[in-house]
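Please open the structure in your viewer and keep the selection panel at hand, since each stop on this tour asks you to select something and then look at what is there.

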Amino acid sequence: MKRLVLAAAAGTAALVVATSARAQEDRQEVLSSHHKMYESAQHFAIELRFSPFTPAVDSNPSLHGATPFASTLHDSSRLMFQMEFDWQALRIPHFGTLGPGIGVGYTKMSGDAQFVVPHGPNQITNSGESTSLEIFPLYAVAVLRADVVWRELRVPLVPYAKLGLGYSIWRASNTVGTSDYAGQVGVGGSLGTEFGVGLAFNLNTFDEYSAKNFDESVGVNNTYAFAEYTRADLDGLGVQANPMRVGGQSWTFGMTVEF
Amino acid sequence: MLRRSALFLAFTATALLVPSAAGAQTISQSGQAYPNRIVNGTNEGYSTRPQNLNPLGISYQDCISDMTLQFSVTLSGFTGSDTLEVWASLNSDCTANTDRGIGATAAVCWGLRAGNIVNPVINTPQTYTFNVRVQDLVGWQQAPPAPGEAANPPAQGPSACSAQPTFAAVPMNINFLAIDGDGNSDGTPYQYQINTDMVGPPPPSGVGETVGETIFNVTWTANSDSDTAGYDIFIDPIPGQEGSETGVSLEAGQKLICPAESGTSSSDATTDVEASTDALDDVVDSSLDTGAFEASTAPLPYDGGCYTVNTGGVPPTSVNGYNCNDSILASGVTLDGGAEGGTTVVTTSDEGGTSDEAGTVEEGSGGISTIPSQYIYKQNLGFTIADKSVGSYTIQGLIDGVTYTVVVASVDGTGNIGPPSPEVCDYPAPVQDFWQNYEQDGGGAPGFCALETIGSGGTSLAGVGCVLGLAAIARRRRRRVR
């Protein structure tokens with residue numbers, strides 16, 4: 001519950017501060033625009049995110065050490081794809097930007113359902129029926145990007161951090177459709193915290209002339225490649241009782257454009 | 001000047017008179033552009049198949065049902081010495097005498113026995129009806145009749161439906177000719193072109209199977225030939241009619257299931273092995289209202305409602321695991337007329353032992369499946385996998401423990417079902433998927449709507465949406481019997 005309050009507070013603070021600081025930022029933009037005529041206004045960022053991901057399903061204490069995920073779907077990582085949209089609502093002079101961001105994603109892991117008893121003359125255990133778990137992560141975070149080293153020192157590195165709430169919708173299914181066992185349908189949602197810290201490398205440095213043209217033509221200020229440590233602890237935050245732990249920790253890689 | 005005028009008038013008169021004297025006969029279609037189709041005396045209209053199955057062409061079924069094509073044509077300009085004749089060919093328009101076998105050692109056209117009209121005296125256009133038997137049309141395509149009988153060849157029978165040499169479609173011409181008193185074609189003939197295809201494509205190769213709980217997956221290597229348009233799946237026993245097996249005999253690891261109405265309950269074979277599990281028994285027994293029969297290894301003369309299930313012991317074996325010997329699907333052999341080498345004459349029979357089809361078979365090539373159509377999966381729904389690139393299908397809604405045998409046949413664009421693939425057989429059995437493992441290990445409730453507990457307790461819009469969403473999912477969910 002404490003983490004819920006902290007995460008919510010972080011997101012709320014980002015919104016409130018961003019809103020109250022909006023007027024001030026506009027004034028700064030006017031001033032800065034006189035100084036850097038070649039740079040368009042920068043308010044938003046979009047990230048395309050890819051990560052090898054394994055949900056921490058088997059970490060649920062209610063399983064008492066059982067590993068239904070590993071035994072059925074195996075522990076190998078699957079690709080998760082995500083998109084994130086950030087509003088860089090506040091520019092903190094000589095530091096960076098702060099603002100809220102939202103993200104959505106998708107990943108799916110599949111395996112063969114096991115026969116209850118070994119099957120056929122060859123006594124095989126893997127059936128021809130697939131079983132899978134789909135996860136649709138949703139999250140809202142406060143994003144702090146320290147782009148001062150790039151903007152003022154021209155070092156093309158931007159460290160950043162994210163903190164907020166995550167809610168992942170998931171669906172367990174088999175060849176026929178959504179799984180169902182003992183009256184429990186295999187669809188649910190898990191609430192928790194979302195945290196990330198990463199380092200973005202500004203690609204503009206490779207070709208500043210093209211980057212400038214890109215800005216003038218479509219308004220993209222910066223393009224980054226990033227690596228991020230991401231952690232989602234979807235344990236219910238005290239609101240849900242033992243939801244499926246479809247969060248986890250992973251290294252996320254991708255591209256960011258600021259515009 | 002006068003002389004030149006006289007020459008001009010003479011030339012003009014000649015130009016006008018000569019054509020009318022040499023070719024005034026004209027034959028044209030009357031009414032609809034396509035012939036009506038007569039089957040067993042019933043006019044089926046000009047189309048008997050869906051638009052995606054070459055409804056205006058000729059299929060094996062059209063031929064074997066002795067369909068007649070009824071043409072309506074209008075004759076005009078005929079004189080008392082002319083005759084209207086109907087000829088068929090693969091490529092020719094049959095206007096040349098040699099094509100009709102006159103003055104030649106071989107004919108490329110053959111008469112269609114459509115009721116030639118001899119010496120029609122027509123002052124005004126007049127409409128006639130001509131009936132062309134499909135078997136007479138397609139039966140001579142490989143070997144036209146001898147010149148002496150080309151104009152009036154003997155009638156063809158069902159064997160004509162096996163005359164097509166390969167599974168590629170064969171376009172044919174039906175020519176309506178005006179023949180003058182000297183036996184020459186005259187005037188303007190009418191030609192109707194029709195696409196015939198009486199051989200289904202070859203079966204897919206590499207047919208395999210896997211099973212799960214109440215499902216049977218069939219896989220195959222998709223055909224690459226241009227004739228294949230899709231696939232039909234045959235299955236025995238027919239899903240939903242598992243209890244119609246007759247003369248079932250129990251083997252080790254099998255169990256006989258009969259409806260409770262029979263006043264009996266299920267029982268294992270005397271040779272049933274101990275490996276039979278309670279789990280499977282529970283599934284089988286709880287999914288059906290069953291009765292008991294005393295065990296026996298001899299064929300049991302039950303004629304309805306009974307069927308065997310595999311209980312996890314030692315089912316029928318073969319080198320690759322299963323011994324598929326379904327008599328119905330195995331007898332579903334193919335007809336492939338004109339196949340050279342490697343052909344055999346086969347006869348198929350229905351379940352009652354009645355012979356119903358015969359023909360030559362060329363294994364590995366095109367042909368026609370003669371498996372009774374009720375064994376096509378979802379036959380009542382007209383089910384066909386209408387994509388030749390597909391290489392798998394999952395049959396759902398089966399009964400765990402019942403051994404099903406499946407074959408796959410390719411279907412062409414005319415609706416011909418080709419010869420069946422080798423059989424695959426297996427029995428669906430209970431499985432444990434991830435969700436079941438998770439729940440059995442103590443995973444707990446999904447918690448999809450737990451956020452509602454944050455609110456004041458009233459019915460929120462989110463709550464309504466959540467309930468509706470779960471209801472929709474519940475409708476789709478798989479019903480597992482545990």
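Select His64(A) to begin: this residue is exposed because 8 other C-beta atoms lie within 10 Å, where a residue counts as exposed if 12 or fewer other C-beta atoms lie within 10 Å of its own, as buried if there are 20 or more, and as partly exposed in between, with C-beta atoms placed from the backbone. What you have open is a predicted model, in which local features need pLDDT of at least 70 and side-chain atom pairs count only at pLDDT 80 or more, while totals for chains, interfaces and linings use all residues. To find your way, note that residues are numbered from 1 along each chain as its sequence is written, and that chains are lettered from A and ligands numbered from 1 in the order in which they are written.

His64(A) sits in the loop between strand S1 (44–53) and helix H3 (68–72) of chain A; helices (H or I, at least four residues) and strands (E, at least two) are DSSP runs, numbered from the N terminus. The phi of His64(A) is near 55°, a positive value in a residue other than glycine. Most residues other than glycine have a negative phi, and most peptide bonds are trans.

Move next to His94(A), which lies in the loop between strand S3 (90–92) and strand S4 (96–119) of chain A. Its phi is positive too, at about 60°, although His94(A) is not a glycine. Is His94(A) buried or exposed? With 8 C-beta neighbours inside 10 Å, His94(A) counts as exposed.

Stay in chain A and select helix H5 (residues 208–218), which is hardly covered, the count of buried residues among its 11 residues being 1. Just after H5(A), you will meet Gly219(A), which takes a positive phi of about 85°.

Now turn to chain B, which has 7 helices and 25 strands. Of its 482 residues, 43% count as buried.

Select strand S6 (residues 83–89) of chain B: 6 of its 7 residues are buried, so S6(B) is largely enclosed by the rest of the structure. Which strands pair with S6(B), where pairing means that DSSP finds at least two bridges between two strands? Strand S8 (residues 117–118) of chain B pairs with S6(B) in the antiparallel sense over 2 bridges, and there Thr83(B) has Val118(B) as its bridge partner. Strand S10 (residues 170–179) of chain B runs antiparallel to S6(B) and is joined to it by 7 bridges, with Val86(B) standing opposite Phe176(B). Strand S7 (residues 109–111) of chain B is antiparallel to S6(B) over 3 bridges, and in S7(B) the bridge partner of Ser89(B) is Cys109(B).

Next, select S12, S13 and S21 of chain B, which form an open sheet of 3 strands in the order S12-S13-S21 with antiparallel pairing. Strand S12 (205–211) and strand S21 (392–395) of chain B stand at the edges with a single partner strand each, so one side of each is left without a neighbour in the sheet. Look along S12(B) and strand S13 (residues 216–221) of chain B, which pair over 5 bridges, and find Val211(B), whose bridge partner in S13(B) is Phe216(B).

For the last stop, select Asp236(B) and Pro237(B), which are joined by a cis peptide bond with omega about 0°. Pro237(B) lies in the loop between strand S14 (228–236) and strand S15 (254–259) of chain B.

Methods
Two strands pair if DSSP finds at least two bridges between them.
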